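Subject: Structure for you to look at

Hi there,

Here is the structure I promised to pass on. Please have a look at it first, and then read my notes below.

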Amino acid sequence: MNSVRRFITQKLQLKVNETKSAVARPQERKFLGFSFTSGPEIKRAIAPKALVRFKDRIRVITRQAKGVSMESTVHQLARYMVGWRGYFGFCETPKVLIYLTRWVRLRLRCALWRQWKTTRRRREALLQLGVRPQLAANTAGSGRGPWYLARAKALSVGLSNAYFRSLGLPSLFENR
């Protein structure tokens, strides 16, 4: 690092930012939101910090979904996700993109469950979405929290992936 720093400062007459500069293996560093996997086959991956920022932004958007229609929330999410996919979409680790798309749909199911508020409204909404009456009643009467119930069968059937696709929610791993 000392020889590199000396060359940059003396020969090129540039400043070196010590906090951002380091000599390390590619797997240990990040560059423009990307990092590299370790192992026999090195692949381009999304840096952990970029994933945290993505999830934080999605949380902010879905938290605002309380008094807003699901269509406007999905529209806002779609704008952000399409831009994010445009930048990070060419990573070579598609499992991360699949996981993030699934996680966004779970956040939306959770937000809708909160919007429905009462047991009666939840049951009626599930019935309108085509869930069997017994399953809808059991799920609506559950004392579990919204995040737990976002993974429930009734919400997976009623608020399916096709439902969110019809609202305009893009996928991070499929180019549409």
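Below are my notes on helix packing, the cysteines and a few single residues.

Please keep in mind that this is a predicted model.

**Helix α4 and its two partners**

A good place to start is helix α4, which covers residues 94–116. Helix α2 (residues 48–63) comes within 10 Å of α4, axis to axis, and the two cross at roughly 20 degrees. With an angle under 35 degrees counting as roughly parallel, α2 is therefore roughly parallel to α4. Their crossing is right-handed. On the α2 side, the contact is made by L51, F54, K55, I58, R59, T62 and R63. On the α4 side you will find V96, Y99, L100, W103, V104, R107, L108 and A111. Sorted by class, the residues of this contact are 10 nonpolar, one polar and four charged.

Helix α3 (residues 70–88) also packs with α4, at an angle of about 165 degrees and with the axes 12 Å apart. Angles over 145 degrees count as roughly antiparallel, so that is how α3 and α4 run relative to each other. This crossing, too, is right-handed. From α3, the contact involves M70, T73, V74, L77, M81 and W84. These meet L97, L100, V104, L108, A111, L112 and Q115 of α4. Here the classes come out as 11 nonpolar, two polar and no charged residues.

**Helices α5 and α6**

Further along the chain, which way does α5 run relative to α6, roughly parallel or roughly antiparallel? The axes of α5 (residues 119–128) and α6 come within 9 Å and cross at roughly 150 degrees, which makes α5 roughly antiparallel to α6. α5 passes α6 in a right-handed crossing. The residues in contact are T119, R122, R123, L126 and L127 of α5, together with P133, A136, A137, T139 and A140 of α6. They divide into six nonpolar, two polar and two charged.

Two residues of α6 deserve a look of their own. T139 lies in this helix, which spans residues 133–140. T139 is buried, with a relative accessible area of 7%. Leaving out residues up to four places away in sequence, T139 touches W113, L126, L149, A152 and A154. A137 also lies in α6, but A137 is partly exposed, at a relative accessible area of 32%. From A137 to V104 the C-alpha distance is 25 Å, with their positions 33 residues apart in sequence.

**L169**

L169 is found in the segment after α9 (161–167). Is L169 buried or exposed? L169 is buried, with a relative accessible area of 9%. Its contacts, not counting neighbours within four places in sequence, are V74, L77, M81, V104, R105, L108 and F164. L169 and Q76 are 93 residues apart along the chain, yet their C-alpha atoms are separated by 9.4 Å.

**Cysteines**

How many disulfides are there? With the sulfur atoms of a pair required to be within 2.5 Å, the count comes to zero. As for individual cysteines, C91 is buried, with a relative accessible area of 10%. C110 is buried as well, with a relative accessible area of 2%.

I hope this helps you find your way around.

Best wishes

Key: Residues are numbered from 1 along each chain as its sequence is written. This is a predicted model: local features need pLDDT of at least 70, side-chain atom pairs count only at pLDDT 80 or more; totals for chains, interfaces and linings use all residues. Side-chain values use heavy atoms; hydrogens and water are left out. Axes are lines fitted to C-alpha atoms, for helices over the stretch in contact, and angles run from 0 to 180 degrees between N-to-C directions. Helices (H or I, at least four residues) and strands (E, at least two) are DSSP runs, numbered from the N terminus. Angles under 35 degrees count as roughly parallel, over 145 as roughly antiparallel, 65 to 115 as roughly perpendicular and the rest as oblique. A crossing is left-handed if the near helix is turned anticlockwise from the far one by less than a right angle, and right-handed if clockwise. Contact means heavy atoms within 4.5 Å. Ala, Val, Leu, Ile, Met, Phe, Trp, Tyr, Cys and Pro count as nonpolar, Asp, Glu, Lys and Arg as charged, and the others, Gly among them, as polar. Buried means under 20% relative accessible area, exposed over 50%, partly exposed in between (1.4 Å probe, protein chains only).
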